[in-house]
Amino acid sequence: EAFDVMVVGSCMTDLVSQAPRLPKAGETIHGHKFFIGFGGKGANQCIQAARLGAKTAMVCKVGKDFFGDNYIRNFKDHGVHTDFVGQTSDAATGAASIIVNDAGENAIVIVAGANMLLGSEELQKALPAISHAKVLVCQLEVSPQTSLQALRMAQENKVKTIFNPAPAIPDLDKDFYRASDVFCCNESEAELLTGSSVTGVEEAHGAGQELLKRGCGAVIITLGPQGCVVLKAQEPASNKHVQTAAVTTVDTTGAGDSFIGALAFYMAHYPTMPLEEMARRANQVAGVSVQAVGTQTSYPFKKDLPAELF
Ligand code: RIB
Ligand code: NA
C-alpha cells in the first residue's frame, strides 16, 4: 500500500492558555481559558492532510505515557497509519506550553522529549514505505539529522519532498535546501534564515530568491493575512504573490501546519496542478483553521470545505 503523504516529524501535547495578552518576563497574569490538545508541527501537518482525504502515515516517537497513548489513539481516529509511531520509556511525550492572546497571536515553548529520540533506526524501518510514498514532509522539531536523512531517502526514491524549517535554526545545513522540492516557511523563519527583514510581499520575494539560490526546487513564504509568495527554480521569472481572503482571526496556532498539510495533500492528489494554485487552495484551508480555537481541533475536514477546493 502506497501512502499519499508521509510525515517524519513531531508530536506534542499542546497545553494552551488563552489570555488577554502575552505576559512579560517575571509577570503573572490571569488568563480566561485553558485546554489540552494534540499538536506538534509534524503531526498537525499529517492530520490536516488526513482530514482532506489523504492516505497518510506518521513516522514519529512518543513517550510510554498517558499523553503518548492518547496521541496514538488520535492518529488511529484519523485513519493515520501508526506502524511507524514508536513509544519510548526513555523520554516523555513532547509538550508545548502555548499562550494565545486576544489578537489570536501566540508564544510557544516546546520540550521535544521523545521526539528527539527518533533516529535512523526508525527511518530504516519506514524506508520501504517512504520510498513508495507520493509526498514526504519534514520539519525541525525532531533532530535535524533525522529530518535531513528522511528528506534524502525520499529524494533518492523520487518521492516529492516538502521541508518546513520550523522552528528555524540560524545555521541550517545547506543540504536541507538541496533535499527540498518545496521549501516552505513563514516570514520570521525566512528572516532568520536569510538574515534580512521579511515584513511584506516585496521583502518576501527577495528572501525567497535568496533561499531558492541555495538549491531548493521551489520556495513558498507564507505571510499570514497577506497570503504567500511562490518562487520556482525552473521559472525564475514567475515570482508570484498569492493573495488570500480576509477572515476574522481567533487563533492562528498551527495555521502554518494546516497550510503545509493541505499543500502535501494537493501535491499528492494533483501532481500536475501549478504550485501557486495549490498554495492558493492551501491558504483557504489554513484560513478556516484560524477562525476557530486550538490547533488540530480547528482544522477543516473535506466535508467542511467548498467542493471547488477538490
Ligand atoms: O505549529 C504549531 C505547533 O507548534 C503547536 O501545535 C505546538 O505543538 C508547536 O509544536
Ligand atoms: Na486555529
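Two strands are said to pair when DSSP finds at least two bridges between them. With that in hand, a good place to enter this predicted model is strand 2, which covers residues 12-18 and pairs with strand 3 in the antiparallel sense over 7 bridges. Within this pairing, Thr 13 has Phe 38 of strand 3 opposite it.

The pair belongs to a wider arrangement. An open sheet is formed by 4 strands, arranged in the order 3-2-6-7, and its pairing is mixed. The edges are taken by strand 3 (33-39) and strand 7 (106-111); each has a single partner strand, so one side of each is left without a neighbour in the sheet. On average, and with direction ignored, neighbouring strands of this sheet are turned by 20 degrees against each other. A helix also joins the picture here: helix 2, made of residues 66-77, packs on the sheet and touches both strand 2 and strand 3. The direction of helix 2 makes about 65 degrees with that of strand 3.

From the sheet, the description turns to the helices. Two packed helices are described by the angle between their axes and the distance between the axes. Helix 8 is a helpful guide, as it takes part in both of the packings described below.

For helix 1 (residues 41-51) and helix 8, the angle is about 50 degrees and the axes lie 7 Å apart. Angles from 35 up to 65 degrees fall outside the roughly parallel and roughly perpendicular classes, and helix 1 and helix 8 are therefore oblique to each other. Their crossing is right-handed. On the helix 1 side, Lys 41, Asn 44, Gln 45, Gln 48 and Ala 49 take part, and they meet Asp 257, Ser 258, Ile 260, Gly 261, Ala 262 and Phe 265 in helix 8. By character, the residues of this contact comprise 4 nonpolar, 5 polar and 2 charged.

The partner on the other packing is helix 9 (residues 275-289), whose axis comes within 8 Å of that of helix 8 (residues 255-269), with a crossing of roughly 140 degrees. Helix 8 and helix 9 are therefore oblique to each other too, and helix 8 passes helix 9 in a right-handed crossing. Helix 8 contributes Ala 255, Ser 258, Phe 259, Ala 262, Leu 263, Tyr 266 and Met 267 to the contact, while the residues from helix 9 include Leu 275, Met 278, Arg 281, Val 285 and Ser 289. This contact divides into 12 nonpolar residues, 3 polar and 1 charged.

Terms used:
Residues numbered from 1 in each chain as written. Chains lettered and ligands numbered in written order. Predicted model: local features only at pLDDT ≥ 70, side-chain atom pairs only at ≥ 80, totals over all residues. Heavy atoms only, no water. Axes fitted to C-alpha atoms, helices over the stretch in contact; angles between N-to-C directions. Helix = DSSP H or I, 4+ residues; strand = E, 2+ residues; numbered from the N terminus. Parallel < 35°, antiparallel > 145°, perpendicular 65-115°, else oblique. Left-handed = near helix turned anticlockwise from the far one by under 90°. Contact = heavy atoms within 4.5 Å. Nonpolar A, V, L, I, M, F, W, Y, C, P; charged D, E, K, R; others polar.
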